[in-house]
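Here are some worked exercises on charges, burial and one helix. Try each task with the model open, then read through the solution.

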Amino acid sequence: MAFGSQRGAHSGSACGAAHNEKTVLLKTATYFLSRPGLCCSTMGEFKVHRVRFFDYMPSAIRAMALQPHRERIAVARTDGSVEIFNRADCLFQEKVIPGREQAATEALAWAGDRLFSAGLNGEIFEYDLDNNKIKYTLDAYGGPVWTITSNVQGTHLAVGCEDGTVKLFEVHEDRIQFERNLAKQKGRIISLSWHPSGSKIVAGMMDMIHVFDTETGQSLHRLLVERGIGTSQSQECVVWSVVYLSDGTIISGDSAGKVKMWDSHTGTLIKSHQVTKWDVLTLSVSQDETSLAVGTSEGTVVQFQFLSMVLGQEDKEWVRTRTFKNHTHDVRAVLEVNTAIVSGGMDTQFVVRPLLDKIDERSKASALHKIQFPHRRLVSCARKAGLLLFQYPGHLELWRLGESEGNGVSECVLTVKRKPEKLLHLKIKGEEHICCSAVSPCGEWISYSTVASFRLYRLHCDNNNVSITKVSKLPKVLSSASQICFSSDSSQLFVASTCSSVHVAMLNKSGCKFVCTLKPKSGSGQAINLLAASEDGKWLASANGDHEVQVYNLKKMKPHCTVPVHSSGVSAMAIHPTTNNLFMVHADQQLIEYSIEKKQYTDWSRQVQRHGLHSLWLERDTPVTNVTFNPKNPAHVILHDMYMFCIIDQTLPLPDQRSQFYNQLTLRSMPEKERKKHSHAFKMCKIFKGLLFVDLMEDQSLVVVERPLLDITAQLPAPVRQKKFAT
């Protein structure tokens, strides 16, 4: 496999050993890509464009909230976007609500199945989780809002404002309505927590904590917080987080680095723990109130447990038991979810740290899990034109791939005769961020959508001169999209709209003409997450948030069939160019192939279900985000996740649990009979770092878009200085 170099990228081999300590797989095996003709298990030889000029930069995590049913976790980032992860589905990122300029979220709260947020712009948002957008906004009329929280019953929201008020809102079926202000205080309300009964609220402020009666609105207790040792008397102590337990205990975390336990009945301090020299930023207690997670500004997460200090006695107290260091920067949000501690912060990583004392056996659930990249594609490719479209929150970039001299031999670096070129920087207008985008296979059309608008452009390339023309007269139904897809011949545009419907439009030199709207028979109200069109222009498949996969006949413009619903969400799918079989990969790593024409699973798919997939495949902790095929070898399916790309040869047997994975040199040294014995369908490559996109171009070259984690880390602000030994 030979590599063509790209700017900010380098060339190298896709053959050889893979090294990645994040997966269990590589503790027992090494994977390779072999040259053609070595044995019947070859993957083939490709010229690889190793691309590193997509400067994707995730935003810091600002807040998290756990749904009352304890299945979904909402994560708010500093760019205003909100992500929904499903704990019951391998922590799959099943929804992304795009952010807006100057609308950073400060806090999140679930009220039943409804999600709310608030920020320093003084507004409260409720989200439309069916269509992945903001449902409505409401001014709190208290200045910047620092915190929002819901009572256990899900009937009321409390928000803490800059003007010193705690405002209560009643949750109605379609909206929320202001109910009352609690007694106004001098100074902003930084943190809030409801008592499980809903009758009281505790508020963290500057230098003090207030306990309010929600019925009368009066302050019952004022607890004074001691300022940090050695700090200036003029420097206030900020109570960043509070938790109100059912037995009346209040736990606070403050800027003096202390975690304090208070008795709300008497208003007295029970115990104080000096956790850090810096700030304690966030607290979270487990559902049974026996474990407490503490996030600090030095990147540590500390666990406290409610334990009996003397065996056989019932008297218990909060004891510091563990300290985890999985972050490099401020930990701004933590969640205690019974079997794990979930944390996130300025280093952008979403970390799930299992609590091994609460897990019975070693499994996928017992491994440290870090989510660093989105579970969706931010890159689209014009295979025929050799173009890549990169999606950023506020703009798009279009690049033309470089060219190399000659073909070279395996494991060599090719000389670049034409460097990659940035053709277009398209900045969007307005405050809304981009939610989806696509470039047509021919490279002549570019489209993107925000939650409020849809745009289509015609691209004109004349040698080195590039220009674009906005298609001004679009059909009115094309107002926004959750997904965009072009047909293989670039003559049709498919736009995923509300209620799982898809608008079909024809493209020609004169513009864009609406054809029809395809609607599912199920009547689902969920947004479409994925679209896939067949090479022959006959079929279109869509996957939505209810895990439903619909197939439409584009010749008749009507529904053709519904694929049986799998319990896990679809993370990637594509239609085979030769067989028209729909190949789907789910968040639980299951592989399903469905014959569109026969409306049934293929023989290969049934074999996979009978045989089962290798445990090393199933234990991977990142979902596959793209599937493609090799037209010159129809039996090959190419797919990738963050850490590897894989070619599945459907003509070879599936690996059993005793299968060994050898590298190329070891296989070549074996006798042919022994070599064939170790041959199986899965061929994986792990030498690429931070995979955002892998696809096969029309000229049979492979495009690999990488974003090494070290490049992301290098762009982060400096962390809190920590004193090292002898410094």
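**Exercise 1: neighbours in sequence**

Task: find how the side chains of glutamate 71 and arginine 72 meet.

Solution. Step one: the side chains of glutamate 71 and arginine 72 form a salt bridge, at 3.6 Å from N to O. A salt bridge here is a side-chain nitrogen of Lys or Arg within 4 Å of a carboxyl oxygen of Asp or Glu.

Before step two, a word on the ground rules. This is a predicted model, in which local features need pLDDT of at least 70 and side-chain atom pairs count only at pLDDT 80 or more, while totals for chains, interfaces and linings use all residues. Residues are numbered from 1 along each chain as its sequence is written, and side-chain values use heavy atoms, with hydrogens and water left out.

Step two: glutamate 71 counts as partly exposed because its relative accessibility is 35%, and arginine 72 counts as partly exposed at 24%. The classes are buried (under 20% relative accessible area), exposed (over 50%) and partly exposed in between, with a 1.4 Å probe and protein chains only.

**Exercise 2: bridges between strands**

Task: which parts does the pair of arginine 62 and glutamate 106 tie together?

Solution. Step one: a salt bridge of 2.4 Å, N to O, links the side chains of arginine 62 and glutamate 106. Step two: arginine 62 belongs to strand β3 (residues 61-66) and glutamate 106 to strand β7 (residues 105-111), so the pair ties together parts 44 residues apart in sequence. Strands (E, at least two residues) and helices (H or I, at least four) are DSSP runs, numbered from the N terminus. Step three: arginine 62 and glutamate 106 are both buried.

Now repeat the steps for glutamate 403 and arginine 418. Their closest N and O atoms are 3.4 Å apart in a salt bridge. Glutamate 403 is in strand β34 (residues 403-404) and arginine 418 in strand β36 (residues 416-418), so this pair ties together parts that are 15 residues apart in sequence. Glutamate 403 is partly exposed at 35% relative accessibility, and arginine 418 is partly exposed at 31%. Elsewhere, salt bridges with shared partners join Arg50, Arg52 and Glu706 into one network. In total, the structure holds 17 salt bridges.

**Exercise 3: one helix, two sides**

Task: which residues of helix α1 are buried?

Solution. Step one: in α1 (residues 603-611), the buried residues are Trp604, Ser605 and Val608. Step two: viewed down the axis of α1, these residues fall within an arc of 100°, so they line one face of the helix. The arc is that of the directions from the helix axis to the C-beta atoms. Step three: Asp603 and Arg610 are exposed on the other side of α1.

**Exercise 4: a buried glutamate**

Task: is glutamate 94 buried or exposed?

Solution. Step one: place glutamate 94 in strand β6 (residues 92-97). Step two: glutamate 94 counts as buried because its relative accessibility is 11%. Step three: look across to asparagine 529, which is 435 residues away from glutamate 94 along the chain, yet their C-alpha atoms are separated by 8.3 Å.

**Exercise 5: a loop residue**

Task: where is aspartate 699 placed?

Solution. Step one: aspartate 699 sits in the loop between β58 (691-696) and β59 (702-706). Step two: at 57% relative accessibility, aspartate 699 counts as exposed.
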